[in-house]
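Please look over the sequence and the fold below before reading on. The paragraphs that follow go from the chain as a whole to single residues.

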Amino acid sequence: MPPPLQSSLYFPMDNPTILSLLHPTPGEKHKNSSNGGALLRMFKLFPMLTSGCKMGKPRRKPLLNHTAATCTIFGYRKGRVFLAIQADPNCVPMLVIELPMLTSVLQKEMESDVVRIALESETKTHKKKLLEEFVWAVYCNGRKMGHSIRKKHLCDDELHVTQLLRGVSTGAGVLPTLNHKESSDGELTYMRARFERVVGSKDSEALHMINPDGAPGPKLSIFFLRSY
């Protein structure tokens, strides 16, 4: 049993709403037998990998479906990590956010059996859907890392990653940089996987990485919460 996450003034991980999202959905137990360990190990070995990306014509599906999503964690090795969420690999991302943590910090967290990234919006409104909120407090394994703002428009690097990974459903590796220019932040790395979506309410949902090959390993979950 993994150790409980630390509670904090801003994000109590013993909150029943969040804990309810940790339990698998009826179909998740069958689906969530994983190469998550393999993917996370690949993420830690980025410099040894190369990309085998496929290009394809994107389909525009602006919202997530009720059961799954494609999540991509990417960034330069010495820079900050980005999270992109898509309905499928060929869709325009419906959420891209720069997390307030370095790639090296996330890699260290991935050495544990469970990695939980939580984003909490403190917006006092009911007008937006949860994933449409802009300002988020970000936690990793119970520790507050800082704040992030959802991007309204993708920059060149983010568009570059999205275009390279069209048609790629799962994988991890090193991508060619934009215009093949070297960066002082090192290589451009990525990890992409399918995630099971669990909706707790209009103010809480979670994404749990789907691991298709039955191999045991670390589990990655991403939580979204809106408090009032």
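The chain holds five helices and 10 strands. The model is a predicted one. The chain has 228 residues, and 49% of them count as buried. About 11,500 Å² of the chain is exposed, and 56% of that area is supplied by carbon and sulfur atoms. Among contacts between residues at least 6 apart in sequence, 63% join residues at least 24 apart.

In soluble globular proteins, nonpolar side chains tend to be buried together. Here the largest nonpolar core is made up of 30 residues, and I85, L99, L119 and F224 have the most contacts inside it. At least two residues of this core come from each of strand 1 (68–76), strand 2 (80–86), strand 3 (95–102), strand 4 (114–121), strand 5 (135–140), strand 8 (188–201), strand 9 (204–209) and strand 10. Strand 3 gives the largest share, four residues. A second core, separate from this one, has 12 residues, including F82, V161, L175 and Y190.

Strand 3 deserves a further look. Six of its eight residues are buried, so strand 3 is mostly covered. Strand 2 and strand 3 run antiparallel and are joined by five bridges. The bridge partner of I85 in strand 3 is L95.

Another of the core residues named above is L119. Leaving out residues up to four places away in sequence, L119 touches I97, L99, W136, A137, V138, I222, F223, F224 and L225. Two of the residues in that list, L99 and F224, are named with L119 among those with the most contacts inside the largest core.

Helix 5 spans residues 156–164, and its buried residues are E158, H160, V161, T162 and L164. What lies over these buried residues? The cover includes strand 1, strand 2, strand 3, strand 7 (171–175) and strand 8. V161 of this helix is also one of the residues of the second core.

Strand 10 covers residues 219–226 and contains S221. Is S221 buried or exposed? S221 is buried because its relative accessible area is 9%, and the cut-off for buried is under 20%. The side chains of S221 and H208 are joined by a polar contact of 2.6 Å. With residues up to four places away in sequence not counted, S221 touches V115, R116, I117, L207 and H208.

M110 sits in the loop between helix 4 (103–109) and strand 4. With a relative accessible area of 1%, M110 is buried. Along the chain, M110 and K219 are 109 residues apart, yet 8.9 Å separates their C-alpha atoms.

The cysteines come last. How many disulfides does a search of the whole structure find? The search finds zero. C140 has 0% relative accessibility and therefore counts as buried. C155, in contrast, is partly exposed, with a relative accessible area of 34%. That value puts C155 in between because buried means under 20% and exposed means over 50%.

How values were computed: Residues numbered from 1 in each chain as written. Predicted model: local features only at pLDDT ≥ 70, side-chain atom pairs only at ≥ 80, totals over all residues. Heavy atoms only, no water. Disulfide = S-S within 2.5 Å. Buried < 20%, exposed > 50% of the residue type's maximum accessible area, 1.4 Å probe, protein only. Polar contact = N/O pair within 3.5 Å; in protein donor to acceptor, adjacent residues only side chain to side chain. Contact = heavy atoms within 4.5 Å. Core = buried A, V, L, I, M, F, W, Y, C linked by side-chain atoms within 4.5 Å. Pairing = 2+ DSSP bridges. Areas by Shrake-Rupley, 256 points an atom, 1.4 Å probe, with all protein chains shown as cover.
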